[in-house]
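Student: Please take me through the ligand site in close detail. Then place it against the helix packing and the backbone of the rest of the chain.

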Amino acid sequence: VNPGAARPTHPLALAPVVSPPSSVDGFVKQFLTNLNFDQGVSLSESDANDQYLALAGTVRDYLMARWLEDQARQNEQQSKTVCYLSAEYLLGRQLDNNLLAARLTDIATDALAQCGIDINDLRELEVEPGLGNGGLGRLAACFIDSLATMSVPNIGYGIRYEYGIFRQTFVDGEQVEQPDAWLRMGSPWDFPHPEAAQTISFGGRTETYDDNGTERTRWIPDWSVLAVPYNMMVPGYHNGRVNTLRLWRAVATNAFDLRIFNSGDYEESVRAQTFAENISKVLYPEDSTPQGKELRLQQQYFFVSASIRDFIDTVLPADYDLTKLPDRVIFQLNDTHPVIGVPELMRVLIDEKGMEWDDAWAITQQCFAYTCHTLLPEALEVWPVDLLGRLLPRHLEIIYRINEEFLEEVRERFGDDMLRIRNMSIIGEHPYRSVRMAYLATVAGAKVNGVAELHSQLLRDKVLHDFAEMYPDKFTNVTNGITPRRFIRLANPSLAELITEALGAGWTIDLERLRGLEALAEDPEFRERFGAVKAANKRRLNEVLFQRDGVHVDETHMLDVMVKRLHEYKRQMLKVLHIVTLYDGIASGRVAAADVTPRTFIFGAKAAPGYAMAKRIIHLINAVGSVVNNDPRVEGRLKVIFPPNYNVTLAEKVIPAADLSEQISLAGKEASGTGNMKFALNGALTIGTDDGANVEIRQLVGDDNFFLFGMTEPEVEVLWAQGYTPADFYQAHAGLRGALDLISSGAFSEGDRSVFEPVVSNLLYDDRFMVLADYASYIAAQERVDAAYADQDAWTKSAILNVARSGFFSSDRSMRDYIDRIWHTPPVL
Ligand code: CBF
């Protein structure tokens, strides 16, 4: 608002934003208007991309009034807002989600048909924004969907990477990464706001100065970039609410140096611009090991600083009393990536707003909460103090003081126990002096949570044990969840229809109502219909994969699916050993192909580009696939499919078709998993270890409807402590020997024994994730799977019970738990 401007008098200027009429005619009119005036083409001249962009614009137009109203209402009511700080949002396609939320799917379909356009053709044009690596980023997307659906004020803050997660291709079976130019054809879902840019500074030094008799510190940075916000709508499901996802893009403060440009050195003239814009150029392709790279730290500070200052300077009223900040905001730290926000808020409150240290610290401790998403020690981020001090000198000073005061508290509580003090210090000394970001988050956060019961318990008992002893009330659990809108309603419309027929509407926002299906598991007619849905989903997957990759899925096969990031702890290798064991049985003549349950194994997995072992495993999976799929002795009863570039869009087709869900990580390594929940809710049975949220899935669906195998976490600990020797397991199991020897023999590498030698040696002589120790138990569980699958009717009954009993895993429930245990943010109605 321009305070000096005259007040508007025109009636249209006084009216609130008006939504286009919710009718086919209204939609057609708005669509054609957008096509003409935004895309600058007539219908007859337009191509499919013009039409897609105009369609997206039309959906946006319908949501706009609610979006603006919600922002105004939240400001008026001075409501407390959840600011979700996340370096990743793995959103998936937006069009269908937004059509569904706004109840526009049928209207839009008819409207486009009346313009001679098949909406399905436009759906396929949307490039999903892959602004995340895997579970953590997808979880953030589920959470913001649930918060909007529950009318809870929320701003999701993150980075608008120009290139998201790489596009995976296979060349001779090996992963080759391509840049993901997701913005190339336009980005109709976000709104840039250059006028709301924040200046983000780096480097330089600090100095003290006299402020009317008080000694204060200021930071004199030596370079800065602009953070430009891009706002996206996050519509709630059928409730007319629209929250905001605000992603920051880095832009140079000076586009280029005209003086240097005029001198003819064009490259040099744009150097500063390239440097600045690199900050939001690309998503780091890592999700469970840190890349100790300066750019990554720049990214983290960039988005967190912009977000905190955006909230304080533009969301809060100008005269807001910052001592009351905790009444208005909770900054939820999605893992350690945004933890640099802690010293940043301290710096803003002290250096910029003139607060005293103790007051600022009391406020900061109420404004942050921390979610840990890992158990792997190497995934707990640390930053070398040299780097942090060079990039953010004032923040390092603040961290040192936080640590000093914290260690003083430790001393007061536990005495001069040097070992404890060293273990708990936010500053680590080995192998180099570094800031332990998880410890900083734990000390600063009002609450610390793990993401599944077992994970939270292991955080308390092991990873953050000393902290849990010191602050027992800080620690809590919130088991992850997934949004039923995207992962049932959109991904599995036939199942959704069947459920609505059986239970009535309303289950999509009250997923515990799926319990009502339990009784129907006994009804043969319902089982038949449920089975027909699964079969149809397999046919749909066959069409998608044939079109995408030229491969066929046989709907008579059991679909045995393992889709997730490629990491050794997730143990894709165990799955490979199972396949090779089955193949070895047939190829050696010990087992008749006709006696093998026909199975199609589907893999989907990206490996971090620098993770050599993960990439070798991908190569091996493809190599095994090409031998098994082409060996006539197999008689087509085993088939391995590995579509490249697994992403949310493909997940939505694969998961509903699956019979068997592979959740086979080593116990004590997977924090939660969320794929496991998506499969159970779509009627796949799980074969899994007692790890992450598998534990809760098994407890809920019942032992009879879950194939448990493998060591428990305490058993893993005992075996490890005894001195684990994988070769002993190799010696002890003929099947395992056969499988490993077959890989070593070059059977999957055209006789070249060297190709997969590192994979086999790694298992035989190291095997950090105890694949060989769990092999026998896994194979036995797979035999139980075969036996169970032979009785299709009983299998379908189990599948129905999986759906019926998994309502707990809705992300709406996760949000309720966060609200009750951590945030205390009521809905704004
Ligand atoms: O909590 C969400 C997911 O986060 C991860 O993907 C992660 O990046 N740390 C974990 O590996 C998953 O277990 C977890 O479900």
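Tutor: Confidence comes first. The chain averages a pLDDT of 96, and 99% of the residues score at least 70; pLDDT is the predictor's confidence in each residue, from 0 to 100. The model scores ipTM 0.99 and pTM 0.97. This is a predicted model: local features need pLDDT of at least 70, side-chain atom pairs count only at pLDDT 80 or more, and totals for chains, interfaces and linings use all residues. Residues are numbered from 1 along each chain as its sequence is written. Where pLDDT is low, the predicted coordinates should not be read in detail.

Now the ligand. It is surrounded by 16 residues. A residue counts as near if its C-beta atom, placed from the backbone, lies within 6 Å of the molecule. The closest are G135, L136, H373, A671 and S672. By class, the shell holds 10 polar, 4 nonpolar and 2 charged residues. Here Ala, Val, Leu, Ile, Met, Phe, Trp, Tyr, Cys and Pro count as nonpolar, Asp, Glu, Lys and Arg as charged, and the others, Gly among them, as polar. Domain 1 (78-93 + 128-477) and domain 2 (487-816) each give the shell at least three residues. Those bounds come from an automatic or database domain assignment.

Next, the backbone. S151 sits in the loop between α7 (135-149) and β4 (154-159). Helices (H or I, at least four residues) and strands (E, at least two) are DSSP runs, numbered from the N terminus. The phi of S151 is near 60 degrees, a positive value in a residue other than glycine. A cis peptide bond joins H430 and P431, with omega about -5 degrees. P431 lies in the loop between β16 (427-428) and β17 (434-436).

Last, helix packing. Axes are lines fitted to C-alpha atoms, for helices over the stretch in contact, and angles run from 0 to 180 degrees between N-to-C directions. Helix α24 (residues 572-587) packs on helix α25 (residues 612-630) at about 20 degrees, with axes 11 Å apart. The two are therefore roughly parallel; angles under 35 degrees count as roughly parallel, over 145 as roughly antiparallel, 65 to 115 as roughly perpendicular and the rest as oblique. Helix α11 (residues 294-315) and helix α13 (residues 341-352) pack at about 45 degrees, with axes 9 Å apart. That pair is therefore oblique. The axes of α2 (residues 24-37) and α3 (residues 48-76) come within 8 Å and cross at roughly 125 degrees. So α2 is oblique to α3.
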